[in-house]
Amino acid sequence: MELKPDILHALRSDFPILAEKVGSKALVYFDNAATTQKPRCVVEKISEGYYRFNANIHRGVHHLSRLATEAHEAARRRAASFLNAARPEEIIFTRGTTEAINLLAFSFGEAYCRPGDEIVITEMEHHANIVPWQMLCERKGLTLRVIPIRDDGSLNLEAAAALLNERSRLLAVTHVSNVLGTINPIVELVRMAHDAGAAVLVDGAQAVAHLTVDVQALDVDFYTFSSHKVYGPTGIGILYGKAQWLDALPPYQGGGEMISKVSFEQTTYNEIPFKFEAGTPDYIGSTALAEALRYLQDFGIKRAAAHEDALLRYATEAMEAEIPNLRIFGKAPQKSAVLSFLIGKLHPYDLGMLLDSQGFALRSGHHCAQPLMQRLGLEGCLRASFAFYNSREEIDQFIPALKKALPLLDG
Ligand code: PLP
């Protein structure tokens, strides 16, 4: 269900950037899968951190250090409750999804992978959930197996069942595809992987702003997301891991904070989560991320998602009705607010630039999913991705803007 106009108006006024202009045109921001805009409270939290409690954490006994440490650990508790983790120690702060996956590929790879083992991913993964596993495979002599997609953009679950076997060490799968919008059936995939004896990492980069995630109900071993895709600041993200895994895994980076005792002969490591957080963490970023999660939870993720789903349906129907030679990529029955498309032979960059000249921010290109583009037989496409602050009016403006581009490019 769409948000009522007065609620949407109030919501939009929390995001000052939405009132910006592109030249003389009003900005219409449809690039939310790349990064989301930030509400005022998140930006203010960053200033407040630097103005009021900036001090290095965990090590100091002084007042400011205590404040900063408490803010950082409160952020960890907020992230834990956001994902319904059993314990805050199961939350590791990283620089984002990419770093979280690299951390796991290194650490899990060191401890649990032997030549001949297999890592299973899917055809719809972002490069961040492909390349670190390829690097691990090369380092350790493993094989990368890929679950194919069906033509509608859903995952081929029969193929998944056939691919997972006693050699599979880990299944790394996206919760929501950043190109197709497909919402993958995580519970079912986890069951299949666990039956085969494999652990599961879910890339939640595109999920957390749109779905309520409960890592215990999903029974995932690891889950990751980036703050900037859920209305938080850039440069910080989360890796969730079940405590029994995190306790068992070796550290990824060495340095301050991750140690228990250091001598030149031998070093012992700190407990989780600190074992995985070498160096000064981004305690300002973590606090601002917690504020973003609070903001979204207070608004209601289900309420936000219902609005986004309504926009997705409305935009899909309007485009299909009004735009000739339209091809939409991703028509899975379970789909989140991403609309990837091409129009005839129009080049996605040309169309993207023409839309930009009318104030519309869309992403054009391969969306860091080149293997998926190859599967779809494309070099790239355009992607409109919606957030809860987008409106039906913006889509009503988008259709004529798209139409305007057609004759310009034909000629
Ligand atoms: N995974 C998916 C599905 C994504 O959409 C993205 C970003 O676009 C990433 C991983 C990487 O996220 P980040 O660049 O924030 O590390």
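Two strands count as paired if DSSP finds at least two bridges between them, and strands themselves are DSSP runs (E, at least two residues), as helices are (H or I, at least four), numbered from the N terminus. The model is predicted, so local features need pLDDT of at least 70 and side-chain atom pairs count only at pLDDT 80 or more, while totals for chains, interfaces and linings use all residues. Residues are numbered from 1 along each chain as its sequence is written, and side-chain values use heavy atoms, with hydrogens and water left out.

**Exercise 1.** Trace the open sheet that contains β16, and determine which residue of β17 is the bridge partner of G365.

*Solution.* Begin with the order, which is β13-β14-β17-β16 with antiparallel pairing. Next, consider the edges: β13 (326-329) and β16 (363-365) each have a single partner strand, so one side of each is left without a neighbour in the sheet. Neighbouring strands here are turned by 30° against each other on average, direction ignored, where axes are lines fitted to C-alpha atoms, for helices over the stretch in contact, and angles run from 0 to 180 degrees between N-to-C directions. Then follow β16 to β17 (residues 381-385), to which 3 bridges join it in antiparallel fashion; within β17, C381 is the partner of G365. Finally, add the helices that touch the sheet (contact meaning heavy atoms within 4.5 Å): α11 (residues 301-322) packs against β13 and β14 (338-343), making about 10° with the direction of β14, whereas α12 (residues 348-356) touches β14, β16 and β17, at about 40° to β17.

**Exercise 2.** Describe the open sheet of 7 strands, including its edges and the bridge partner of V202.

*Solution.* The order reads β4-β10-β9-β8-β7-β5-β6, and the pairing is mixed. At the edges stand β4 (91-94) and β6 (143-147), each of which pairs on one side only. Inside the sheet, β8 (residues 199-203) runs parallel to β9 (residues 222-226), joined by 3 bridges, and Y223 in β9 is the bridge partner of V202. Helix α3 (residues 63-83) lies across β4, β9 and β10 (237-241), at about 115° to β4.

**Exercise 3.** Examine the surroundings of the ligand and find the distances from its oxygen atoms to polar side-chain atoms of T98 and K229.

*Solution.* The residues around the ligand (a heavy atom within 4 Å) include T97, T98, H126, D203 and K229. An N or O atom in the side chain of T98 lies 2.6 Å from a ligand oxygen, and a polar side-chain atom of K229 is likewise 2.6 Å from a ligand oxygen.

Methods: A polar contact is a pair of N or O atoms within 3.5 Å; within protein, one must be able to donate a hydrogen and the other to accept it, and residues adjacent in sequence count only if both atoms are side-chain atoms.
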